[in-house]
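The exercises below are meant to be worked with the sequence and the model open side by side. Each task is followed by a solution that proceeds step by step.

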Amino acid sequence: MVELGIGRSASGTMEHTNGNSNGKASQLNLNVKQGEPTLVPPAEETDKGLYFLSNLDQNIAVIVRTIYCFKSDETGNENAAQVIKDALRKVLVHYYPLAGRLTISAEGKLIVDCTAEGAVFVEAEANCKMDEIGDITKPDPDTLGKLVYDIPGAKNILEIPPLVAQVTKFQCGGFALGLCMNHCMFDGIGAMEFVNSWGQTARGLPLAIPPFTDRTILKSRDPPKIEYLHQEFAEIEDKSSTGDLYKGEMLYRSFCFDAGRLEKLKKMALEDGFLDKCTTFEALSAFVWRARTKALNMLPDQQTKLLFAVDGRPKFSPPLPEGYFGNGIVLTNSICQAEDLLEKPFSHGVGLIQDAIKMVTDSYMRSAIDYFQATRARPSLSSTLLITTWSRLPFHTTDFGWGEPVLSGPVALPEKEVILFLSHGKERKSINVLLGLPASAMKTFQELMQV
C-alpha cells in the first residue's frame, strides 16, 4: 500500500535557546500577496511516458519546503521572478520528470508520468523588509509558510506537482525563493544539485553537474534477496507510554552547539579509551539520543531506536554516478535498551552509531531495496528518534545572479519523532539542534543540553 499523506510537519511556536536562556519567538504578522499560479513547462521537447522511481524514493515521499533569501547591493529585485522563471524553463529540459505528475504504477508504487505540464510558479509581494522576518534558520511555519505556495485543497501528494516555486519580493530590494518539493524526486544532495543547476542556468552558465536520470540502476533484484535483519522497519513496543506524553502541550526549541561545545562532546566520547576516533555527527547524535531518552523518562528495559540516513552514493558498488537524480540515502539504525544507553559510558552510545554507519555496505543497501519490494514496509517510528542532518548540505552555494543566499533553511518544524541538525553561523561551524518535545520532557532535555 503506497502512503499518500501530505505529511505536513508539526505547527507550533518555536523558541530559540542555547540551553541557558528561555528566549521567546518573535511574532511577526507577515502579509504576503500571492499572484495567480502559472505553469512553467520545459523550454524544449522532453521525454514523455512513465519514469521509474526506485524503492529508496518510495520510502520517503513527503513534501519538503525550503526557503532561500537573496539580497544584492548592485541588483534590485524588479526582474528576479522573470529571471528565475526563465531559468526554470531551461533547467527543466535536463530535469524533465519535475515537469510531470506523480501517479501510481500498475504494481501499486509511485511513478512519474512525464507529461511536461510544468512546475507551478507563483509571484508574490511582502509588506515588509526581508530582515524583519528574522532568523529563518529557526523554522517558524506560521511566518515562513507564507513564502511557499501550497496547492489549495490538495488531499494527498498525487495532487501536488513535484515542484512548486514562489518568488516573494520584499520592500528592501531582496527576495525569497520558496520551494515545495517531493522527497521522492530527490534527497538533500540531489535537491541541492538541482537548485544549484537552476542558479547556474540563470547566470548563463552550463550545468556543473548534469543530472544522471536513470534510476533503474537501483531496481530490486528478482527474486528479492533479503540478507539483513533491517530493524529500521521493526515496530518497538512503547512500554513506557511515551505516546501519551505527546498528547499534551508540545514545545519546540533550538539549541546551538558552537565549535567549542562540539569539540568537547568529541573529547567526552574518547576519554575512556573505548573508541579511537569520533566524528561531530556521531558525538552529537549520541548526546541528543541519550538526553531525549532520559527526558522522556523511558523505563530501563524500554527498547529505543535511533534512525538516521547515510549517503549511499559512494558506498554502492560501483558508486552511483555523479549527479544521480534521485534518493541515494539509506536509513540505518541502532537499537538498545534505555538502561544501557543511559547507564553505560557516553562512548557506548557513540559506538552504536559508528556500528550503524559501518553496517551500510552495497549488500546492505541492495537488501533494503529488496526488503521494500517484498514487504512494502515503511520504517517504523514507534519508540524511535529519527535524526535528519541538513548541516552538511551546501545551501549557501546557490546563486541566481544576486550572490549567495543571505539566509536559507526549512520552513517547518520537525515531526515529533525527528530532530533536525542545521548548520549555523557565518562559517557554518556551529550546529543548531531543532526538536519538539512534550512540555514536561523539554525542561529536563534543556537541562541536559549543558555541556
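**Exercise 1. Salt bridges across the chain**

How many salt bridges does the structure hold? Then examine the pair Asp57 and Arg215, and state which parts of the chain the pair ties together.

Solution. The model is a predicted one, and the structure holds 21 salt bridges. In one of them the side chains of Asp57 and Arg215 meet, with N and O 3.0 Å apart. The next step is to place the two partners: Asp57 belongs to helix α1 (residues 55-58), whereas Arg215 lies in the loop between α4 (188-202) and α5 (242-245), so this pair ties together parts that are 158 residues apart in sequence. As for accessibility, Asp57 is buried, and so is Arg215.

**Exercise 2. A second bridge to the same loop**

Find the salt bridge between Asp399 and Arg203, and decide for each partner whether it is buried or partly exposed.

Solution. The closest N and O atoms of Asp399 and Arg203 are 3.9 Å apart, which falls within the 4 Å that a salt bridge requires. Asp399 sits in the loop between β14 (384-389) and β15 (407-410), while Arg203 sits in the loop between α4 and α5, so the bridge ties together parts that are 196 residues apart in sequence. Asp399 has a relative accessible area of 16% and is therefore buried, because the limit for buried is under 20%. Arg203, with a relative accessible area of 36%, is partly exposed.

**Exercise 3. From a pair to a network**

Starting from the salt bridge between Lys225 and Glu227, determine which residues are joined into one network.

Solution. The side chains of Lys225 and Glu227 meet with N and O 3.9 Å apart. Lys225 is partly exposed at 44% relative accessibility, and Glu227 is partly exposed at 40%. Following the salt bridges that share partners then gives one network, made up of Arg221, Lys225, Glu227 and Asp370.

**Exercise 4. The nonpolar cores**

Identify the residues with the most contacts inside the largest nonpolar core, and the element that gives the most to this core.

Solution. The largest nonpolar core has 73 residues, and Leu88, Leu177, Phe194 and Trp198 are those with the most contacts inside it. Several elements each supply at least two residues of this core, including β5 (63-70), α2 (80-94), β10 (175-182), α4 and β16 (418-424). Among the contributors, α2 gives the most, with 7 residues. Trp198 can then be taken up individually: leaving aside neighbours within four places in sequence, Trp198 is in contact with Ile84, Ala87, Leu88, Val91, Ala165, Leu177, Leu179 and Phe400. Apart from this core lies another, of 54 residues, among them Phe257, Leu320, Ala368 and Ile387.

**Exercise 5. Two packed helices**

Describe how helix α6 (residues 259-270) and helix α7 (residues 280-295) pack, and name the residues that meet.

Solution. Two packed helices are described by the angle between their axes and the distance between the axes. For α6 and α7 the angle is about 85° and the axes are 9 Å apart, and the two helices are therefore roughly perpendicular to each other. On the α6 side, Leu262, Leu265 and Lys266 meet Thr280, Ala283, Leu284 and Phe287 of α7. Sorted by character, the residues of this contact divide into 5 nonpolar, 1 polar and 1 charged.

**Exercise 6. Backbone details in the loops**

Locate Gly312, the cis peptide bonds before Pro223 and Pro318, and the positive phi values of Ala116 and Arg376.

Solution. Gly312 is found in the loop between β12 (303-311) and β13 (329-337) and is buried, with a relative accessible area of 0%. Not counting residues up to four places away in sequence, Gly312 touches Gly328, Ile329 and Met365.

Most residues other than glycine have a negative phi, and most peptide bonds are trans. The peptide bond from Asp222 to Pro223 is cis, with omega near 0°, and Pro223 lies in the loop between α4 and α5. Another cis peptide bond joins Ser317 and Pro318, with omega about -5°, and Pro318 lies in the loop between β12 and β13.

Phi of Ala116 is near 60°, and Ala116 is found in the loop between β7 and β8. Phi of Arg376 is near 55°; Arg376 is placed in the loop between α10 (362-375) and β14 and is partly exposed, with a relative accessible area of 22%.

Conventions. Residues numbered from 1 in each chain as written. Predicted model: local features only at pLDDT ≥ 70, side-chain atom pairs only at ≥ 80, totals over all residues. Heavy atoms only, no water. Helix = DSSP H or I, 4+ residues; strand = E, 2+ residues; numbered from the N terminus. Buried < 20%, exposed > 50% of the residue type's maximum accessible area, 1.4 Å probe, protein only. Core = buried A, V, L, I, M, F, W, Y, C linked by side-chain atoms within 4.5 Å. Contact = heavy atoms within 4.5 Å. Axes fitted to C-alpha atoms, helices over the stretch in contact; angles between N-to-C directions. Parallel < 35°, antiparallel > 145°, perpendicular 65-115°, else oblique. Nonpolar A, V, L, I, M, F, W, Y, C, P; charged D, E, K, R; others polar.
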